[in-house]
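Visitor: Please take a close look at a single part of this structure, namely the way in which its strands are paired. I should be grateful for one connected account.

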Amino acid sequence: MVHARDKQASATFLAEILGLPPPEPFFHFLVVRTANGVSLDFISTDVDFLPMHYAFLVSEAEFDAIFGRIQARGLQYWADPRAQQPGQINRHDGGRGVYFQDPSGHFLEIITRPYGSG
């Protein structure tokens, strides 16, 4: 379950950025389904919540497409989870990675190589 200030805005943002099908309603959730069968169920809340970190392992071609959408939207992005390296990507384990935030403040990450695989 992914807590959001506005489930529609956050779920749609994730689906569009990752190039996934639009979110589907399921009871009081909006569900984003990934290609590997994982679903992220978004729920709106007015209660304070801690922003979480969600990482997605993507192919090189998917990284290019997603990173292009991040840049096209003028989103801030960082090479690191502490947001100390703005406007950069990382090259951990011989791949590429980048962090950015969703509308609710969650830190999203795309990587092309699993950590520790280099």
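Guide: Two strands are said to pair if DSSP finds at least two bridges between them. Helices (H or I, at least four residues) and strands (E, at least two) are DSSP runs, numbered from the N terminus. The model is a predicted one, in which local features need pLDDT of at least 70 and side-chain atom pairs pLDDT 80 or more, while totals for chains, interfaces and linings use all residues. Residues are numbered from 1 along each chain as its sequence is written, and side-chain values use heavy atoms, with hydrogens and water left out.

The centre of this account is strand 3, which covers residues 29-33. Strand 3 belongs to a chain with two helices and seven strands, whose elements follow one another from the N terminus as β-α-β-β-β-β-α-β-β. Along the principal axes, the C-alpha atoms of the chain occupy a box of roughly 40 × 30 × 30 Å. Among the 118 residues of the chain, 42% are buried, a class that means under 20% relative accessible area, whereas exposed means over 50% and partly exposed lies in between (1.4 Å probe, protein chains only). Strand 3 itself is mostly covered, four of its five residues being buried.

On the N-terminal side, strand 3 has an antiparallel partner in strand 2 (residues 24-26), and three bridges link the two. In this pairing glutamate 24 faces valine 31 of strand 3. The hairpin formed by strand 2 and strand 3 has two residues between the strands, and phenylalanine 27 adopts a positive phi near 50 degrees there. Phenylalanine 27 is exposed, with 73% relative accessibility, while phenylalanine 26 is partly exposed, its relative accessible area being 44%.

These two phenylalanines also bring in the aromatic rings. Rings of Phe, Tyr and Trp (its six-membered ring) pair if their centres lie within 6.5 Å; planes under 30 degrees apart count as stacked, over 60 as edge-to-face and the rest as tilted. Six aromatic pairs are found in the structure. For phenylalanine 26 and phenylalanine 27, the ring centres are 4.7 Å apart and the planes stand at 80 degrees, so this pair is edge-to-face. Elsewhere in the chain, a single aromatic cluster is made up of Phe63, Phe67 and Tyr77.

The other pairing of interest joins strand 3 to strand 4 (residues 39-44), again in the antiparallel sense, through four bridges. Here leucine 30 is placed opposite phenylalanine 42 of strand 4. Five residues lie between the strands in this hairpin, and among them glycine 37 has a positive phi near 90 degrees.

Phenylalanine 42 leads from strand 4 to helix 1, through serine 10. Serine 10 sits in helix 1 (residues 7-18) and is buried, at 1% relative accessibility. Leaving aside residues up to four places away in sequence, serine 10 is in contact (heavy atoms within 4.5 Å) with Ala4, Phe42, Asp102, Pro103 and Ser104. Across the chain, residues 24 or more positions apart make up 51% of the contacts with a separation of 6 or more.

Asp102, Pro103 and Ser104, named above as contacts of serine 10, direct attention to the hairpin of strand 6 and strand 7. Strand 6 spans residues 97-101 and is mostly covered, with four of its five residues buried. Strand 6 pairs antiparallel with strand 7 (residues 107-111) over five bridges, and valine 98 is found opposite isoleucine 110 of strand 7. Between these strands there are five residues, and glycine 105 in this hairpin has a positive phi near 95 degrees.

Strand 6 and strand 7 are part of an open sheet of three strands, in the order 5-7-6, in which the pairing is mixed. Strand 5 (53-57) and strand 6 form its edges, each pairing on one side only.

To return to the starting point, strand 3 is thus linked antiparallel to strand 2 by three bridges and antiparallel to strand 4 by four.
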